[in-house]
Amino acid sequence: MTNILTLRVDPKYVAELNRGYSLILKDAIQNKDLLEEEGEIIRLVDHHNRYIGTGYYGHQNKGIGWILTTKEHEQIDQAFFNKKLTIALSHREDYFTDSDTTAFRIFNGEGDGIGGLSIDYFDGYYMVSWYSEGIYSFREHVYNALNDLVEYKAIYEKKRFDTKGQYIDQDDFVMGTEGDFPIIVKENGMNFAVNLNDGAMTGIFLDQRDVRRAIRDHYADGTNMLNTFSYTGAFSVAAALGGATKTTSVDLAKRSLAKTIEQFSVNGIDYEAQDIKVMDVFHYFKYAVRHELKFDLVVLDPPSFARTKKMTFSTAKDYPKLLADAIALTEKDGIIVASTNNASFGMKKFKTFIDQAFKDTNTKYKIVDQYGLPKDFRANRDFPEFNYLKVVFIKKLSK
Ligand code: SAH
């Protein structure tokens, strides 16, 4: 193997890499000034020159690349990508044969052996997400592998590494026959409208599939439901289909109104019988208290960080306060669905936030259910950073 750059790992980071942590942190590499071009293959060794792994150079958050193999003589070539994709597809066979669910993830970054790359399937369409310039340099390998291994209507891609994390509007079509969007995908029998060529988001977050099903099948019937940070209202759709008497969806983004109407409509739900509010959730909480509104089922699914003109919200800091506001609006014996995708803490820490909120409001509670990533989002569950999703169903008991 020629032309492979050898990098030395700081002793502090060796054990974790050997334990299977495949993200190469900036601080972990001692001679990173040798790095030149994203996409170059790098070989990591410890301070005794013992081999750790082979990967690629690419900037992604606090990482500068990913380990792809710990077999010293394995080449990172077309065959490597074909092999990883073949294995990934074999883990999703059940999904491909389930006609009730036509949208799922077929490749989940590090969990499927290639950090920085994810691929989602939407009823015959594939959407590839690239998280760094480095992984994007392997584009031909990935598209060749897809061409070899799957049949598709079309392939779309999202480059998620444009200037300072900002998504740049672009035409995301790669090859095949362009779709006529929105297309309707199915998830456990529910319909969702999806657009693969309309900015960074598609209309549905696939990682919440199990939660939507739980809401529909076990928690919604007969409830007055509040969905905060509702985006296209997917949780509200699940609740309405599960027999909620009414749903209220609250999101700040103007686009959420039309998108939520669309999601209700493709499920045959009369959106006029539902409430859809384009407003700041924190204003809505005040409004609800003033009007003495109460709910039996409240979903909290904030972004990890949010900034409005007046305030910033960070789940790591502000979740207890958010929950306290929700507790005030929840009926006794009602359910709060507390969700976060913040990768900087795990389930244990999240539960301390929950406990704190209930203590602060002097309210008793019981955790009745909890969810993490669904099966198609394969991830190394030892590291919260990769196993980021935490959803807890909490029953509000008496004061
Ligand atoms: N729960 C959604 C996904 C939420 S994505 C689903 O299941 O599909 C986060 C959403 O929070 C975005 O749509 C964003 O517009 C919204 N948001 C961010 N800050 C907000 C605020 N202060 N008030 C209301 N919505 C907010």
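Me: Where is Asn61 found in the chain?

Reply: In this predicted model, Asn61 is found in the loop that runs between strand E4 (51-60) and strand E5 (63-69). The backbone of Asn61 has a phi near 50 degrees, which is a positive value in a residue other than glycine.

Me: Why is Asn61 called exposed?

Reply: The relative accessible area of Asn61 is 72%, and the term exposed applies over 50%, so Asn61 is classed as exposed.

Me: Which other residue has a positive phi, and how do you know whether Phe229 is buried or exposed?

Reply: Phe229 has a phi near 55 degrees, again a positive value in a residue other than glycine, and Phe229 is found in the loop between strand E13 (224-228) and helix H7 (234-241). Because the relative accessible area of Phe229 is 17% and buried means under 20%, Phe229 counts as buried.

Me: What makes Leu23 a buried residue, and which residues does Leu23 touch?

Reply: Leu23, found in strand E2 (residues 23-25), has a relative accessible area of 6%, and since the limit for buried is under 20%, the term fits Leu23. Leaving aside residues up to four places away in sequence, Leu23 touches Leu17, Gly63, Gly65, Trp66, Glu385 and Phe386. The C-alpha atoms of Leu23 and Leu68, which are 45 residues apart along the chain, are separated by 9.5 Å.

Me: Why is the pairing of Asp120 with Arg105 called a salt bridge?

Reply: The N to O distance between the side chains of Asp120 and Arg105 is 2.7 Å, and a salt bridge requires a side-chain nitrogen of Lys or Arg within 4 Å of a carboxyl oxygen of Asp or Glu, so the pair qualifies. The pair links distant parts of the chain, with Asp120 in strand E7 (residues 117-122) and Arg105 in strand E6, 15 residues apart.

Me: How do you know whether Asp120 and Arg105 are buried or exposed?

Reply: Asp120 has 5% relative accessibility and Arg105 has a relative accessible area of 12%; with the cut-off for buried set at under 20%, Asp120 counts as buried, and Arg105 is buried as well.

Me: What makes Arg139 and Glu157 a salt bridge, and which elements hold them?

Reply: The side chains of Arg139 and Glu157 meet at 3.3 Å, N to O, and because the limit is within 4 Å, the pair counts as a salt bridge. Arg139 lies in helix H5 (residues 139-149) and Glu157 in strand E9 (residues 154-159), so this salt bridge ties together parts that are 18 residues apart in sequence. Arg139 is partly exposed, with a relative accessible area of 23%, whereas Glu157, at 6%, is buried.

Me: How do you know that Lys332 and Asp333 form a salt bridge, and why is Lys332 called exposed?

Reply: The closest N and O atoms of Lys332 and Asp333 are 3.6 Å apart, which means that the pair meets the requirement of within 4 Å. Lys332, at 53% relative accessibility, counts as exposed, the term being used over 50%, while Asp333, with a relative accessible area of 42%, is partly exposed. Elsewhere, salt bridges that share partners join Arg92, Asp112 and Arg378 into one network.

Me: How many salt bridges are there in the model?

Reply: The count comes to 21 salt bridges.

Me: Why is Asp98 called partly exposed, and to which surface patch does Asp98 belong?

Reply: Asp98 has 31% relative accessibility, and partly exposed is the term for values between the limits of under 20% for buried and over 50% for exposed, so Asp98 takes that name. Asp98 gathers with Glu93, Asp94 and Asp100 in a patch of negative charge on the surface, and the place of Asp98 is in the loop between helix H3 (93-97) and strand E6 (103-108).

Me: Which residues form the positive patch, and what makes Lys254 an exposed residue?

Reply: The positive surface patch is formed by Lys254, Lys286, Lys309 and Lys310. Lys254 lies in the loop between strand E14 (246-251) and helix H8 (255-265), and at 74% relative accessibility, against a cut-off of over 50%, Lys254 counts as exposed.

Me: What joins Phe181 and Pro182?

Reply: A cis peptide bond, with omega about 0 degrees, joins Phe181 and Pro182; Pro182 has its place in the loop between strand E10 (173-176) and strand E11 (183-187).

Terms used. Residues are numbered from 1 along each chain as its sequence is written. This is a predicted model: local features need pLDDT of at least 70, side-chain atom pairs count only at pLDDT 80 or more; totals for chains, interfaces and linings use all residues. Side-chain values use heavy atoms; hydrogens and water are left out. Patches are made of residues with over 30% relative accessible area and no salt bridge: like charges are joined within 9 Å, nonpolar side chains (Val, Leu, Ile, Met, Phe, Trp, Tyr) within 5 Å. Accessible areas come from the Shrake-Rupley method with a 1.4 Å probe; for residues, only the protein chains shown count as cover. Lys and Arg count as positive and Asp and Glu as negative; His and the chain ends are not counted. The place of a charge is taken as NZ of Lys, CZ of Arg, CG of Asp or CD of Glu. Helices (H or I, at least four residues) and strands (E, at least two) are DSSP runs, numbered from the N terminus. Buried means under 20% relative accessible area, exposed over 50%, partly exposed in between (1.4 Å probe, protein chains only). Contact means heavy atoms within 4.5 Å.
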